Amino acid sequence: MDIDATLLCDPFPIDNTDQHETHENHNAQPPNTSRRTTVEDVEDKEASGLPRWPWTQEYLRATQSTLGHGVTSFEARHTENEKLGLSSWHPFDSQDEWELVRWLMTAGIRQMAIDEYLKLPITRGCTDLSFHNKRTFFEKVDELPQGPGWTCEPWDITRDVLDEQGKPMVETVELWKRNPVDCVRELIGNPAFKDVMRYAPEKLYTTEARRPEDCMFDEMWTGDWWWDLQKHLPADAMIAPIILSSDKTQLSTFSGDKTAWPCLVTCCKENHCPKCTVPPNKRGELKDLPHCDIFACITPDLLHQLHKGVFKDHLVSRATACVEGGEAEVDCQFKAMTAHPDLRHFKKGILLVSQWTGTEYKNMEKVFLGVLTGASDPAVLRAVRLVLDFIYYAHFKAHSSDSLTKLEAVWDEFHANKHIFVDKGIRDNFNIAKVHSGQHYGQSIQNLGTADSYNTEASECLHIDFAKRIYRSTNKKTYLSQMTSWLARQEAVSCFQSFLAWAEPSLVPAHQGRGDKDLDTAAEADGMDTGAEVGTESYHIAKKPGFGHVKVQMLVKSFGCTDFLHTLEDFLRKQSRQHRTCFPVYRRMHVSLPALQQVLHLPKKDTIRTTPALRAQGLKKAVPAHFNTVLACKFPLGPLGSDQSNPLDELCVAHIHTIFRLPEDYGKQASAHPLVYIEWFTTFHTPIVDVGMYKVSHSTRCHHRRVLIIPVTQIERSCHLIPVLGHQMVQSWMSEDVLDQCKTFYVNPYLCHDDFVLFHYLHMN
């Protein structure tokens with residue numbers, strides 16, 4: 001049985017009795033210790049609509065005393081090294097030797113390859129290592145502090161297959177396990193996690209009134225479960241929640257049937273809901289746990305329940321059956337979909353995709369509603385939109401009571417509209433476990449925090465590092481014991497690296513989040529240059545233009561800037577300058593999007609491309625042109641940014657054709673920022689009812705498309721347009737030219753979660 005669920009182990013059932021022992025606090029900015037008077041203009045809310053620093057309510061009883069200070073493993077090791085006169089790199093001779101060991105252990109190199117490398121004449125002649133072959137190398141690694149040990153317990157399993165004598169066959173399997181208490185002790189005692197550990201629950205609010213309807217939910221410690229459970233414990237006790245995630249993975253690729261379960265738990269029947277429909281006496285082996293309602297702790301799984309289950313396995317097939325032309329028509333529309341850097345283009349359609357992963361599911365979700373528009377019944381479009389809205393709301397990394405209300409409202413509305421698939425004879429009923437699971441998402445988020453914390457997509461990614469890659473390094477015989485040894489060594493290397501970052505912070509910097517500073521570093525590494533900021537946005541563009549000096553004729557022919565000279569003259573007339581015939585032209589630019597609590601707590605780099613088509617040369621295939629669409633401000637913003645309550649009021653869709661810069665001899669004011677040549681689309685009005693998306697078309701003036709040259713500081717972000725292709729698309733239209741051929745488009749709110757917040761969540765507010 002393939003267990004897709006993620007479980008959170010709790011020792012007691014939840015009691016919703018109010019707890020009055022609390023402490024109120026507002027997480028404001030650190031106070032300014034300077035005596036100099038300062039005046040700051042700080043917005044109360046972020047672009048996400050949530051407060052920048054939520055008001056908090058702490059659980060006082062669980063944090064009012066400290067029992068003492070224990071010596072961590074890092075501190076004990078550091079003291080021992082000082083007593084013996086050893087360096088922090090011990091048992092290795094130097095930092096360089098340790099860095100080589102870490103690379104050999106983490107780069108996925110086979111053990112035989114490590115042995116061959118250490119025996120190379122150049123390795124032995126040019127390095128003075130304390131190990132010279134595979135055996136001495138692993139002896140050094142095994143001197144590192146080890147984590148909790150592994151033990152093996154054989155199990156005899158009676159199969160449902162009969163042998164030659166008619167008796168059930170018995171198979172002996174190995175269960176490799178570790179003491180979970182030792183694992184928890186290891187995690188809590190690791191100083192690397194000191195600043196990110198939470199030992200008590202806390203409530204977050206969007207307003208200072210701290211009303212129940214103003215609650216915010218983020219990590220587990222902000223949920224009701226921890227808060228309600230704390231009062232069952234003694235005054236100085238704390239809760240250490242444990243997340244168990246299990247999913248079978250295939251180890252062998254081309255032959256054999258080698259499989260592994262990175263974590264094994266007992267579960268109930270997978271075709272029933274363990275929370276509300278399975279009788280207590282039929283809930284598997286976990287029904288008799290004395291102090292635990294384990295089934296209330298089965299958490300939402302975005303990957304298997306929503307992306308793979310509700311969307312791919314059920315919604316796609318049902319909705320496709322409602323399209324005139326069926327799979328073939330849907331496939332053609334996927335091929336003709338407009339391109340975007342954040343979107344996978346299925347240039348061969350979806351029928352030929354053999355290996356589906358979470359990436360493919362999510363990229364289909366971004367455009368699936370647009371693919372169906374015009375070729376499907378409005379009731380079908382309405383049902384599809386509601387499912388997509390639910391999936392995007394469920395993905396929020398920070399929820400408020402308002403967004404949870406919207407999440408549950410769209411799910412209720414989907415159930416009110418799902419009958420269209422029954423009416424069309426596509427399905428008899430919706431008695432589907434994964435569809436049913438949606439009704440528990442709101443309560444699970446309120447109790448245990450946002451669903452991204454329990455998404456099995458994380459454990460799916462770890463299959464490669466902690467199962468498949470390690471299996472390939474074994475001799476394929478007693479592979480389970482070899483895999484556990486390899487895991488123990490990998491863990492020791494990772495823990496030692498954390499110890500060095502703690503003991504030698506100046507030499508081994510700790511891992512940092514990708515904040516503004518990291519964006520600047522990455523921009524410099526990519527040859528990008530950080531420009532001036534307007535409001536909360538900043539742009540990044542290459543220091544050296546990718547195309548050098550480009551003549552006007554090429555801008556017109558290859559970049560599609562058909563009215564470039566007239567538009568440039570209009571721009572320069574305002575700057576009191578003349579035009580030239582050659583311009584530095586850039587291939588792309590990056591816009592730094594502000595952090596949204598529902599999406600990501602760090603800024604995001606948004607890429608905008610403007611590259612002409614390249615012809616095929618020899619074995620090199622032709623490369624299509626990429627001229628992205630963007631959201632641009634209709635007029636330059638003032639120094640304080642926007643004053644509009646609706647962020648869409650000042651924005652308009654534009655098709656950007658080229659990014660260029662004026663030479664410095666035009667004056668510092670004219671050449672302060674790069675410029676962009678754009679074609680405007682019509683302004684936003686009211687979203688179309690059934691699909692919930694804005695419809696736009698090319699803006700014209702005197703039967704010509706309205707074009708303009710504006711500075712890059714007016715570009716807010718990229719966007720994606722979905723062509724409205726009708727009941728049957730023109731077969732000659734391709735992704736490369738559909739933006740010019742098609743007349744009307746939908747603005748895609750599902751391209752990424754930032755767009756969903758902008759076009760759906762904030763607009764609905």
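The following paragraphs go through the overall make-up of this predicted model, then a helix pair, the nonpolar cores and a small sheet.

The protein has 765 residues, of which 45% are buried. Its secondary structure comes to 22 helices and 29 strands. Among the contacts with a sequence separation of 6 or more, 69% are between residues 24 or more positions apart.

Two packed helices are described by the angle between their axes and the distance between the axes. For helix H8, residues 302-321, and helix H11, residues 378-394, the angle is about 170° and the axes are 11 Å apart. Angles over 145 degrees count as roughly antiparallel, and H8 and H11 are therefore roughly antiparallel to each other. On the H8 side, the residues that meet H11 are Leu302, Leu306, His307, Val310, Phe311, Leu315 and Ala319. H11 contributes Val380, Val384, Val387, Leu388, Phe390, Ile391 and Ala394 to the contact. By residue class, the contact of H8 with H11 has 13 nonpolar residues, one polar residue and no charged residue.

Helix H11 also appears in the account of the nonpolar cores. The largest nonpolar core has 69 residues, and those with the most contacts inside it are Phe334, Met364, Phe368 and Val384. H11 gives the most to this core, with 13 residues. Val384 thus has a place in both descriptions: it is among the H11 residues that meet H8, and it is among the residues with the most contacts inside the core. Leaving aside neighbours within four places in sequence, the contacts of Val384 are Leu315, Ala319, Phe368, Leu369 and Leu372. Of these contacts, Leu315 and Ala319 are in H8, while Phe368 is another of the residues with the most contacts in the largest core. A second core, separate from this one, has 28 residues, including Val493, Phe496, Leu500 and Ala503.

The last element described here is a sheet. Three strands form an open sheet with antiparallel pairing, in the order S23-S29-S28. Strand S23 (695-697) and strand S28 (721-723) are at the edges and have a single partner strand each, so one side of each is left without a neighbour in the sheet. From one strand to the next, the twist averages 40°. S23 and strand S29, residues 744-747, run antiparallel and are joined by three bridges. Within this pair, Val696 stands opposite Phe745 in S29.

How values were computed. Residues are numbered from 1 along each chain as its sequence is written. This is a predicted model: local features need pLDDT of at least 70, side-chain atom pairs count only at pLDDT 80 or more; totals for chains, interfaces and linings use all residues. Side-chain values use heavy atoms; hydrogens and water are left out. Axes are lines fitted to C-alpha atoms, for helices over the stretch in contact, and angles run from 0 to 180 degrees between N-to-C directions. Helices (H or I, at least four residues) and strands (E, at least two) are DSSP runs, numbered from the N terminus. Angles under 35 degrees count as roughly parallel, over 145 as roughly antiparallel, 65 to 115 as roughly perpendicular and the rest as oblique. Contact means heavy atoms within 4.5 Å. Ala, Val, Leu, Ile, Met, Phe, Trp, Tyr, Cys and Pro count as nonpolar, Asp, Glu, Lys and Arg as charged, and the others, Gly among them, as polar. A nonpolar core is a set of buried Ala, Val, Leu, Ile, Met, Phe, Trp, Tyr and Cys residues joined through side-chain atoms within 4.5 Å. Buried means under 20% relative accessible area, exposed over 50%, partly exposed in between (1.4 Å probe, protein chains only). Two strands pair if DSSP finds at least two bridges between them.
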